[in-house]
Amino acid sequence: MALTFAIEEINRNFLFLPNVSLGYNIYTAGPTQRDTVHNLLMWLMGQSKYLTNYTCRRKENSVAAITGRTGEISSLIATFLGLDKYPQLTFGPYEPNMEDPVKFPSLYQMATKDSSLASGMVSLFVNFRWNWVGLVISDDEKAVNFVSDLIPQMERNRVCVAFTQLIPVTLMFYMSYDYVANSPIVKNSAKVIIIYGDTDSSLGVLFRRWDVILPWRIWVTTSQWEVFTSMRHFFLDSFHGTLIFSKKHGEIPTFKEFEKTVTPSKFPDDIFLAKVWEVYFGCEVSNATCKSFKNCSSKGSLEWLPWYQFDMAMSDGSYHIYNAVYAVAHTLHKMIVQLVDMQGMKQRGKMKIPPWKLNPLLKNVQFINSGGYPVSLNPSEKRHEDYDILNFQNFPQGFGYKVKVGTFSPHLPHGHQLSLSEDRIEWSIGDKQTPISVCSESCGPGFRKSLQEGKAACCFDCSFCPENEISNGTGKYNDQCVKCPDDQYANTERTYCIQKAVTFLAYENPLGMTLASTALCCSTLTILVLGIFVKHQKTPVVKANNRTLSYILLISLNFCFICSLLFIGHPNTATCILQQTTFGIVFTVAVSTVLAKTITVVLAFKITTPARRMKGWLISGAPKFIIPICTLIQITFCGIWLGTSPPFVDIDVYSEHGQITIVCNKGSVIAFYCVLGYLGTLSIGSFTVAFLARNLPDTFNETKFLTFSMLVFCSVWITFLPVYHSTKGKVMVAVEVFSILSSSMGLLGCIFIPKCYIILMRPDKNSFKTIRDRVQ
């Protein structure tokens, strides 16, 4: 009908091919290649006896051949027509192997390449979240080219090929039960299967049989298979719900009006039309001539037939035939105009045009058809095609109906190419709910994928996210764990990140409050001891072992207690710098004072004669110079520390779960340990001297107290080092504060508490008279 319609439309147009009428002859391709070649040679030579390179036809003036429906038929005919470069236009599906200009010099394909088909199918899979898809294809060049384009796009979009089943093109065999039972279509879990190939191959034969044998599957295919899906006669058979990608082409405005007027009487030579009237309108057609019509209604029309018996929409093949006729007509028009301009009309108004002369013009012809769509026979100018997505819905008695459910337009921006009306889709099980086709179900929130060894990327197990990583099952966090930012932490279920709380050793914190209160109490106690010593400065206990050194030691211990407060509260640059330097200097003063007191005792007991040199050192106050010398060395270390890499405010996001701890970074760790090491060396030296002098006899000899105090001091700081390095965050700061307080309290308690006891509780022992009586 499309062929007849196009020729009549051209012949009615007086401005197109003036004084020229187009006609046509129809020859059928036989069931075998032999029959097809027989009919072809009969057309070319005009008789049943073949005479190579000779024709008996005198009246017929064919200038082109329109062939189809399969590539096999067209390529067979092209083998003969190509010898004389006879123009041949094919209306079947695009065949990549027929684009060879050397092998097929005069063959033109009206269909365009399925360059966007793979992209459209993959977009469909991504939309429905199908990542486990099977392939059933015919084993030919066209299907292989399609798969080579499809698989890379599937991999880029994380869609896996569940299986690939190649069906030989020419192998015709009976599909036994064992073959079906062992088929990957049955054994594989994939619910979505692409079927692609030639409908006239063995794949088409199998496709007709699978409906009652194979389980329910969602078939995704092309418009080539529409005729097979629409020929079913089972209620909700296994091809119900098939999704068909049909190339979008323009509607020819007056074609349906033409179909309404078609009757056997109008086209008496159309034997197919006669058979339609015989089946649907009860006409009796002569088997011999197909032209005698009895009991026929004069008002019979194709528009009376329901859509499931006759679809009046123009199919892809009909659309290509319509454009092929116009392509030949446009070429003839240009050629006739050229000939008239050159030589005028000859041979009594008849013009003989060799078919091979049409090729130069035909291969470059371009025009806009009556539907408003551009047509070009140049393969390099053919663009990506848009697709209509049809859903085949099969109901009782073969009422198959194709519903348009979406479109795919590769020209649109990415993300907007696919348009679907999912509510209009009927799936293979007759349900509106979208089926699932995955190898492994997506991992839930809080879990991540763990690939299964030796299997595709779509097959995986789910494992719980590691600490401080989340997976919420949506967006970029789908099935993969993502580490929370440094200022956040993962909740227990590993589904979302929580903002960390900013913390430090604050005064409001129970631990900070306890340490600060302890520091203040110890400082107050130190001041009370100092007050007692000042009040009783004339007594033997205070005057023993150098009263001035006792005052210096008490004042330095008070600063030791006070400096611990620098470690508590919100750190800033000033407190960070003062923390370690103040700690190092005041403790150096305290320890060097203990060393000076110890040396004073030693010198006092080593003097046996007034002329001894040691007596001069003692009288001159030489031990007192130990304090400034030792302190100056420590100040030097602190100065180098501050000049090279001073402490600074830092944040610790890893020490405490769910918290960001503001701490003082020590800057140069080497400088910190130099300060600490120097203080440790000084402490050990003081302890050694005190230990050696512990047994010197005297009434108020405090070397035993000094020895014990330095033992406590050294024990605290030796314990401090491993504990300090095993803790983090504000606990580390608390350990250092505790060590400062305990070591300072050790010095205060061991050296001064016994003396305060004598001063306050045993004043009878604190007098020179008592001492003289004891000596006598």
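Q: Is arginine 12 buried or exposed?
A: In this predicted model, the relative accessible area of arginine 12 comes to 52%. The cut-off for exposed is over 50%, so arginine 12 is exposed.

Q: Which side chain does arginine 12 meet in a salt bridge?
A: Arginine 12 sits in helix 1 (residues 2-12), 4 residues from its partner, so about one helical turn separates the two. The N to O distance is 4.0 Å, and the partner counts as partly exposed at 25% relative accessibility. That partner is glutamate 8.

Q: Why do positions three or four places apart in an α-helix point the same way?
A: Side chains of opposite charge can pair when their charged atoms come close. In an α-helix the spacing helps, because residues three or four places apart point the same way. The number behind that is 3.6 residues a turn.

Q: How far apart are the closest N and O atoms of lysine 275 and glutamate 278?
A: These two are 3 residues apart in helix 11 (residues 271-281), so about one helical turn lies between them. Lysine 275 is partly exposed at 39% relative accessibility, and glutamate 278 is partly exposed at 28%. They form a salt bridge, with the closest N and O atoms at 3.7 Å.

Q: Aspartate 388 and lysine 404 meet in a salt bridge, so how many residues apart are they in sequence?
A: The N to O distance for this pair is 3.3 Å. Aspartate 388 belongs to strand 13 (residues 387-393) and lysine 404 to strand 14 (residues 401-408), so the bridge ties together parts of the chain whose separation is 16 residues.

Q: Is aspartate 388 buried or exposed?
A: Its partner lysine 404 is partly exposed, at 38% relative accessible area. Aspartate 388 itself has 15% relative accessibility. The cut-off is under 20%, so aspartate 388 counts as buried.

Q: How many disulfides are there?
A: A disulfide is a covalent bond between the sulfur atoms of two cysteines. Here a pair of cysteine sulfurs within 2.5 Å is what qualifies. By that rule the count is 6.

Q: Which cysteine is joined to cysteine 160?
A: The S to S distance is 2.0 Å, and the link is right-handed, with 90 degrees about the S-S bond. Cysteine 160 is in strand 5 (residues 160-167), while its partner is 298 residues away in the loop between strand 16 (447-451) and strand 17 (460-464). Cysteine 160 is buried at 10% relative accessibility, and the partner is buried at 4%. The partner is cysteine 458.

Q: What is the handedness of the link of cysteine 443 and cysteine 462?
A: The two sulfurs are 2.1 Å apart. Cysteine 443 lies in the loop between strand 15 (418-420) and strand 16, and cysteine 462 is in strand 17, 19 residues apart. Cysteine 443 is buried at 4% relative accessibility, whereas cysteine 462 is partly exposed at 38%. With -95 degrees about the S-S bond, the link is left-handed.

Q: What is the torsion about the S-S bond of cysteine 465 and cysteine 481?
A: This disulfide has an S to S distance of 1.9 Å. It links two loops, with cysteine 465 between strand 17 and strand 18 (469-470), and cysteine 481 between strand 18 and strand 19 (482-483). Cysteine 465 is buried at 2% relative accessible area, and cysteine 481 is buried at 17%. The disulfide is left-handed because the torsion is about -85 degrees.

Q: Which cysteine sulfur is nearest to that of cysteine 563?
A: Cysteine 563 is in no disulfide, and it is buried, with a relative accessible area of 3%. The nearest cysteine sulfur is 5.6 Å away, and it belongs to cysteine 560.

Q: Where does helix 21 bend?
A: Helix 21 (residues 703-726) has 24 residues, which should span 34 Å, and the 35 Å between its end C-alpha atoms agrees. Its buried residues include Trp717, Phe720 and Tyr724. The bend is about 30 degrees, with proline 722 following within four residues, and it occurs at phenylalanine 720.

Q: What accessible area do Phe625, Ile629, Ile633 and Phe637 have together?
A: One member, phenylalanine 637, is in helix 19 (residues 626-644) and is partly exposed at 31% relative accessibility. The four form a nonpolar patch on the surface, and together their accessible area is about 370 Å².

Technical notes: Residues numbered from 1 in each chain as written. Predicted model: local features only at pLDDT ≥ 70, side-chain atom pairs only at ≥ 80, totals over all residues. Heavy atoms only, no water. Buried < 20%, exposed > 50% of the residue type's maximum accessible area, 1.4 Å probe, protein only. Patch = residues over 30% accessible without salt bridge, like charges linked within 9 Å, V, L, I, M, F, W, Y side chains within 5 Å. Areas by Shrake-Rupley, 256 points an atom, 1.4 Å probe, with all protein chains shown as cover. Expected span 1.5 Å × (residues − 1). Bend = angle between axes of the 7 residues up to and from the residue.
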